Amino acid sequence: MREMPRVDNWLSDDDLQAEKETREKRMAAEDKFVSLRRQRNETLDLVDRLSDEILALQKRRQELNDEVQRAHDTFRNFGDEQKKAREERKRLFEQLEDLTQSLRKTKGENTREKGPTARSVASEIARLEREQQTTVMTLKEENTLIDKIRHLRSQLAEREKVEAEWMKTESAASTVKEEIESLRGKLQEANKRLDTLHVDRDAAMAKIQNSLGEIGHVLNEIRSKGRIRTEALEKARTIADQMHEMGRTVLDLQRESRKRVTEARAAVSQHGASHRNLFNDGARDKAANDLLSALLKNGKVEFGLGEVEESSATASSGDEKDSRRRRS
């Protein structure tokens, strides 16, 4: 604010007192205006800082949203792979069950038709032949032994045929067993894959939950800072209104002071003009009297009833009577 000129020589005592009070009010209003401006600047600085922090939080929130989206895509892909792995495991289970049933059927049929082995029958024949050769027997006992050996040899031939067929079946069963073992290995791999996918999917879900929790925290901070920023803006508006009011008060006080000074100047000017007029009238009268006195002293002017003598040359040219008449 511009300092008003001093007008102590122009104002009356009452006006000087009023001017002093006005100046004090104006200075107080100016100090208040400066304080309000400082508060508003501090508040606006707070608004700017909060705006920058909110922008940074919104950027972090977007980054977290992107992370959640990527984790969700990964989680969904793991789910698809788990579904495929379960379907593959189910197929392997069914195939393994079919092979197991087939192997059990084959083994069961072979067991029912197997009977004594050809090797045991051959051993029995060899034992009976040794007994025939080393033991003294009657004719009837020897014939019975020979019939038994013949029956066993017939049974041996039959068992050899059965065992040949059984070996073929066993060979096929071995192939089935190999397929079963292979399927079991694939099934174990499928189970391991499912376990791995389960762990990875749980990790993806945990990451999603952590990111969502952080997003919630960021949102709370954004809301909190947004409320503070709104309050700061409202405070800045209130301070601006107060500054406007203080500015208007200062202007009103300045107008009041200028009006007082203007009126004082006008009064001083009017008073000075009246004194100048009185001085000029008295000076003219005094000058006229001084001039008249000087003329009388020099004999230039005489008081009488007639006209003033025009000049000495004119008086000498007239007759003496006229001269005396003019002098009288």
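Contact here means heavy atoms within 4.5 Å. In the predicted model, and with residues up to four places away in sequence not counted, Ile 149 touches Ile 125, Leu 128, Glu 129 and Gln 132. Ile 149 itself is placed in helix α3, which covers residues 139-297, and at 5% relative accessibility this residue counts as buried, because the term applies to values under 20% relative accessible area. The C-alpha atoms of Ile 149 and Arg 127 are 9.7 Å apart in space, while the two residues are 22 apart in sequence.

The chain as a whole contains five helices and zero strands, and the order of its elements from the N terminus on is α-α-α-α-α. Of its 328 residues, 21% count as buried. Among the contacts between residues at least 6 apart in sequence, 86% join residues that are at least 24 apart.

Two of the partners of Ile 149, namely Ile 125 and Leu 128, are also listed among the buried residues of helix α2, together with Ala 118 and Val 121. Seen down the axis of α2, these buried residues fall within an arc of 90°, so that they line one face of the helix. The face of α2 that is turned away from this buried side carries the exposed residues Arg 119, Gln 133 and Thr 134. Helix α2 comprises 17 residues, 118-134, and at 1.5 Å a residue should span 24 Å; its end C-alpha atoms are 24 Å apart, in agreement with that expectation.

The largest nonpolar core is made up of 12 residues in all, namely Ile 54, Leu 57, Leu 64, Val 68, Ala 71, Phe 75, Ala 204, Ile 208, Ile 215, Val 218, Leu 219 and Ile 222. The elements that give two or more residues to this core are α1, residues 13-114, and α3. For Ile 215, a member of the core, the contacts beyond its neighbours within four places in sequence are with Arg 61, Leu 64, Asn 65 and Val 68; of these, Leu 64 and Val 68 are likewise listed in the core.

Phe 75, another residue of this core, also takes part in an interaction with a charged side chain, in that the charged end of Arg 201 sits over the ring of Phe 75 at 3.9 Å from its centre. As to pairing between aromatic rings, the count comes to zero aromatic pairs when ring centres are required to lie within 6.5 Å.

Two further positions of helix α3 can be described in terms of exposure and of residues distant in sequence. Ile 180 lies in α3 and is buried, with a relative accessible area of 4%; the C-alpha atoms of Ile 180 and Leu 99 are separated by 6.5 Å, although these residues are 81 apart along the chain. Thr 249, which is also found in α3, is partly exposed, with a relative accessible area of 26%, a value that falls in the range between the buried limit of under 20% and the exposed limit of over 50%. Thr 249 and Phe 33 are 216 residues apart in sequence, and the distance between them in space is 9.9 Å, C-alpha to C-alpha.

How values were computed. Residues numbered from 1 in each chain as written. Predicted model: local features only at pLDDT ≥ 70, side-chain atom pairs only at ≥ 80, totals over all residues. Heavy atoms only, no water. Phe/Tyr/Trp six-rings, centres within 6.5 Å; stacked < 30°, edge-to-face > 60°. Lys NZ or Arg CZ within 6 Å of the ring centre and 35° of its normal. Helix = DSSP H or I, 4+ residues; strand = E, 2+ residues; numbered from the N terminus. Buried < 20%, exposed > 50% of the residue type's maximum accessible area, 1.4 Å probe, protein only. Expected span 1.5 Å × (residues − 1). Arc of directions from axis to C-beta. Core = buried A, V, L, I, M, F, W, Y, C linked by side-chain atoms within 4.5 Å.
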